[in-house]
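Student: Could we work through this model together, beginning with its overall fold and then turning to its aromatic side chains?

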Amino acid sequence: QLQAFGGGVIQAGDSLRLSCAASGRIYSSHVMGWFRQTPGKEREFVAAIRWSTGRTLYGDSVMGRFTISKDSARNTVYLQMNSLKPEDTAVYSCARSTQYSSVIGDYNSWGQGTELTVSS
């Protein structure tokens, strides 16, 4: 089971780090991903990390601003978000896959999301 936390209300231009903790072990075959969704819109891929190698993948809208990382000992994946914009406002969720992918359908074990609001 996955649980995302760390969201809140912040100002545009600020930074924030989200965390996603797994209650069970994350195996080397897993890929952990971050996604976000706003009301009335489809869920959007944000970033992913291959657990075994740390190789990362980013969505175009966050490239260069967001960084995904992991702590294997804590079974936790992080999303460092810098230079936040109002359009980053969304509910952020994490999920697990066995494929190095940005495709939402490749992910399962979705965790409860955390809400981020970026005010201008």
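Tutor: The questions below go from the whole chain to its rings, and the model is a predicted one.

Student: How many helices and how many strands does the secondary structure of the protein chain come to?

Tutor: Read along the sequence, the protein chain follows the pattern β-β-β-β-β-β-β-β-β-β-β. The secondary structure therefore comes to zero helices and eleven strands, where a strand is a DSSP run of at least two residues.

Student: What radius of gyration does the protein chain have, set against that of a compact globule?

Tutor: The C-alpha atoms fill a box of roughly 40 × 30 × 25 Å along the principal axes. For 120 residues a compact globule would have a radius of gyration near 14 Å, and the protein chain agrees with this, having a value of 13 Å.

Student: Which kind of aromatic pair do phenylalanine 35 and phenylalanine 45 form?

Tutor: Phenylalanine 35 lies in strand E4 (residues 31–37) and phenylalanine 45 in strand E5 (residues 44–50), ten residues apart, and both are buried. Their ring centres are 5.6 Å apart and their planes are at 70°. Because centres within 6.5 Å make a pair and planes over 60 degrees apart count as edge-to-face, the pair is edge-to-face.

Student: Over the ring of which residue does the charged end of arginine 43 sit?

Tutor: One aromatic cluster is formed by Phe35, Phe45, Tyr107 and Trp110. The charged end of arginine 43 sits 4.1 Å from the centre of a ring, and that ring belongs to tryptophan 110.

Conventions. Residues numbered from 1 in each chain as written. Predicted model: local features only at pLDDT ≥ 70, side-chain atom pairs only at ≥ 80, totals over all residues. Heavy atoms only, no water. Phe/Tyr/Trp six-rings, centres within 6.5 Å; stacked < 30°, edge-to-face > 60°. Helix = DSSP H or I, 4+ residues; strand = E, 2+ residues; numbered from the N terminus. Buried < 20%, exposed > 50% of the residue type's maximum accessible area, 1.4 Å probe, protein only. Lys NZ or Arg CZ within 6 Å of the ring centre and 35° of its normal. Rg over C-alpha atoms; globule rule 2.2 N^0.38 Å.
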